[in-house]
Amino acid sequence: MKTRIGILTGGGDCPGLNAVIRAVVKSATKRGWETLGILGGFEGLLHPTRTRALDYHEMDGLLYLGGTILGTSNKGRFSGKSGHGETRKIDPGVLAEARAGVESLGLRALVIVGGDGSLTIAQQCFEAGIPVVGVPKTIDNDIAGTVVTFGFDSAVAFATDALDRLRSTAQSHDRVMVGEVMGRYAGWIAAHAGIAGGADVILIPEIPFTYESVCRVVNEREAQGKRFTLVVVAEGAREAGRDFVTQGETGAIREARLGGVGAVVTGEIGRRTGKETRVCVLGHLQRGGSPTTFDRLLCTRFGASAVRLIVEEKYGYMVAHHPPDTRAIPITEAIGCLRTVPLDGDIVRTARDLGISFGD
Ligand code: F6P
């Protein structure tokens with residue numbers, strides 16, 4: 001009987017998931033193995049299991065296809081995260097059922113592609129006896145232990161293009177334009193796209209801001225004859241002393257749905273400076289579409305590397321990018337704490353050197 005491995009995608013979608021699937025299937029096929037895709041994230045492991053055979057020939061075109069052909073979920077019995085680096089314990093009965101699912105499918109190992117929450121679940125699956133290897137995914141780029149996650153570069157490219165477009169309107173209408181990007185606990189997208197897109201103000205979760213400081217930038221630019229201002233704000237950015245701006249429910253299990261801080265910031269800037277101010281929320285547009293060249297390459301390396309980990313029986317490990325190489329690190333090194341933008345790092349210092357304000 002052929003060796004059979006499984007792969008599942010967990011958490012939010014992200015550019016490059018299909019590229020990882022393709023790389024895993026191709027590398028497995030090269031070794032004479034077959035690959036089973038688990039449908040709908042971790043839930044697909046539970047009885048009755050939901051799977052799809054992944055044939056080598058079906059991989060054509062997946063390298064640049066957005067989303068995940070396996071489907072995914074960040075809710076249900078496997079919601080693995082309930083806050084910043086916090087871990088929710090998955091019911092042992094559910095983990096045992098997942099293990100029985102893996103065994104009934106005859107899987108030698110399971111590749112789990114996901115962010116902080118999914119990797120937290122991956123570790124619990126490993127501890128429950130499932131041979132897993134992890135692949136770090138998230139546009140937020142906030143997973144510890146890897147220099148970069150796949151999806152981040154694609155999201156930054158999209159956000160930078162959006163800021164270029166917002167600048168056109170800002171400049172033409174002498175307005176303040178505010179672009180809201182994703183980034184729940186870490187401001188990597190805002191910081192990178194803000195610098196690459198020439199923003200004047202970058203608001204990130206790591207640096208609480210004040211409206212006095214933000215409006216000072218707008219007014220100073222006005223005094224210099226620069227009649228427009230470009231602001232980028234991460235969804236998790238907070239006014240000093242205030243909490244996240246959320247949309248609706250904060251269930252005990254799921255994380256609060258963020259979003260709306262851009263509109264709040266826009267209202268305050270307009271009211272305090274008298275400038276015409278508009279907001280544009282990029283939202284899930286950042287998670288869709290084709291991965292960039294960088295991400296296609298990273299996903300392909302991650303997928304191939306994950307299969308090598310299975311060959312070496314290095315279970316409980318995940319692949320990580322440490323240029324110029326990909327490495328294996330224990331999943332435990334990547335979960336429980338998030339990689340945020342360092343306040344004394346090169347990105348923040350570069351921005352400050354250029355006169356970009358963080359609103360502090
Ligand atoms: O973790 C990635 C992320 O894009 C966060 O920045 C955002 O808060 C979250 O996903 C939104 O997820 P969804 O709307 O799909 O529940």
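Let's start at the ligand. Ten residues surround it, written as 10 in my notes, and those that come nearest are Asp140, Met182, Glu235, His284 and Arg287. Keep in mind that this is a predicted model.

What kinds of residues make up the shell around the ligand? Five are charged, three are polar and two are nonpolar.

Now the polar contacts. Take Arg287 to begin with. A polar atom of the Arg287 side chain lies 2.8 Å from a ligand oxygen. Arg184 also uses its side chain: an N or O atom there is 3.3 Å from an oxygen atom of the ligand. Gly183 works through its backbone instead, with an N or O atom 3.4 Å from a ligand oxygen. How much of the ligand does the protein bury? Taken alone, the ligand exposes 400 Å², and the protein buries 77% of that.

Next, the site itself. The ligand takes up the space of the largest pocket.

Let's step back to the whole chain. The protein chain is divided into two parts: domain 1 covers 4–150 + 289–333, and domain 2 covers 154–287 + 342–353. At their contact, domain 1 supplies 21 residues and domain 2 supplies 16 residues. The C-alpha centres of the two domains are 32 Å apart.

So where does the ligand lie relative to domain 1 and domain 2? The ligand lies between them, because both domains give residues to the shell around it.

To recap: a ligand between domain 1 and domain 2, in the largest pocket, with 77% of its exposed area buried by the protein.

Conventions
Residues numbered from 1 in each chain as written. Predicted model: local features only at pLDDT ≥ 70, side-chain atom pairs only at ≥ 80, totals over all residues. Heavy atoms only, no water. Near = heavy atom within 4 Å. Polar contact = N/O pair within 3.5 Å; in protein donor to acceptor, adjacent residues only side chain to side chain. Areas by Shrake-Rupley, 256 points an atom, 1.4 Å probe, with all protein chains shown as cover. 1 Å grid on protein atoms, 1.4 Å probe; cavity = no way out; pocket = protein on both sides within 12 Å on 5 of 7 lines; lining within 4 Å. Sits in = over half its atoms within 2 Å of the grid points. Nonpolar A, V, L, I, M, F, W, Y, C, P; charged D, E, K, R; others polar. Domains from an automatic or database assignment. Contact = heavy atoms within 4.5 Å.
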